[in-house]
Each structure stands twice: as structure tokens, then as C-alpha cells.
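Visitor: Please take a close look at one helix pair in this model. I would like the packing described in full.

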Amino acid sequence: MLGEYLPILLFLIVSTGLGLVLLVAGWLLGPKRPDAEKLSPYECGFEAFEDARMPFDVRYYLVAILFIVFDLEIAFVFPWALVYRDIGEPALWAMAGFLGILVFAFIYEWKKGALEWE
């Protein structure tokens, strides 16, 4: 019975080994030219500041919401489209409601100016 798990074990060993070999090869063969800009902390596209409680521009949050809206749309619409013939017309109305909510979220983002980046 344990022999059935041998291909899985071999796959895990080979994939882990390949991952480690690629990581070590990149570390050994990659260029190492550190400078102050590469080693500095990166925070949301602007210079680091002292106060961690300083408010962010609302556009960062709106872009995050926009990403979630489109990510959810693809994550749910694609599998639904693959099995649409099997699930019938009630699923069409359920998906229409779901897409209506997503369109409402997109219009909200548009009205708030998240699509107009300076």
C-alpha cells in the first residue's frame, strides 16, 4: 500500500531539490552590487516617514479594493462559465446578481477617482 505513495514522494523530493538548486544558483551567480537605494526600506511608493500612524492617501485603499473586485470576478466567473450548461438558468440569474454587485463596486471606485492616478 505504501508503494502507491512513491510517485508523490519522488515528486516532492525532486521539486524541493530543484527549488533549492535554483535558489542557490541564483544566489551564487547573481550580481551583488548593493547601494543605499537598494538597501533602503520601500513603503507604498513614497519616502519612508517617522510616524507609523500617519494617514495614507485614500487612493491606496481604493486601488486595493479595485484589485479585489477584479480578482473576485475572474475567480468566480471563469469556473462558472465552464459549467454553465450543466447548472442551468437559475445560475445565470445568480451570476447576474453577482456581476451587478461588482459593477456597483467598479462605479464606486470610478466616482472616487481611483482610476485617475497622478
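Guide: Helix 3 and helix 5 cross in a left-handed sense, meaning that the near helix is turned anticlockwise from the far one by less than a right angle. The model is predicted: local features need pLDDT of at least 70, side-chain atom pairs count only at pLDDT 80 or more, and totals for chains, interfaces and linings use all residues. Residues are numbered from 1 along each chain as its sequence is written, and side-chain values use heavy atoms, with hydrogens and water left out.

Helix 3 covers residues 58-82 and helix 5 residues 89-112; helices are DSSP runs (H or I, at least four residues) numbered from the N terminus. Their axes are 10 Å apart, at an angle of about 160°, with axes being lines fitted to C-alpha atoms over the stretch in contact and angles running from 0 to 180 degrees between N-to-C directions. Helix 3 is therefore roughly antiparallel to helix 5, a term for angles over 145 degrees.

Contact means heavy atoms within 4.5 Å. On helix 3 the contact residues include Leu 62, Leu 66, Val 69 and Trp 80, and on helix 5 they include Ala 91, Met 95, Leu 102, Ala 105 and Glu 109.

In helix 3, Leu 62, Leu 66, Val 69 and Trp 80 are buried (under 20% relative accessible area, 1.4 Å probe, protein chains only). These pack against helix 4 and helix 5. The buried residues of helix 5 are Ala 91, Met 95, Leu 102, Ala 105 and Glu 109, packing against helix 3 and helix 4 (84-87). Just after helix 5, Gly 113 has a positive phi of about 85°.

Notes:
Helices (H or I, at least four residues) and strands (E, at least two) are DSSP runs, numbered from the N terminus. Angles under 35 degrees count as roughly parallel, over 145 as roughly antiparallel, 65 to 115 as roughly perpendicular and the rest as oblique. Buried means under 20% relative accessible area, exposed over 50%, partly exposed in between (1.4 Å probe, protein chains only).
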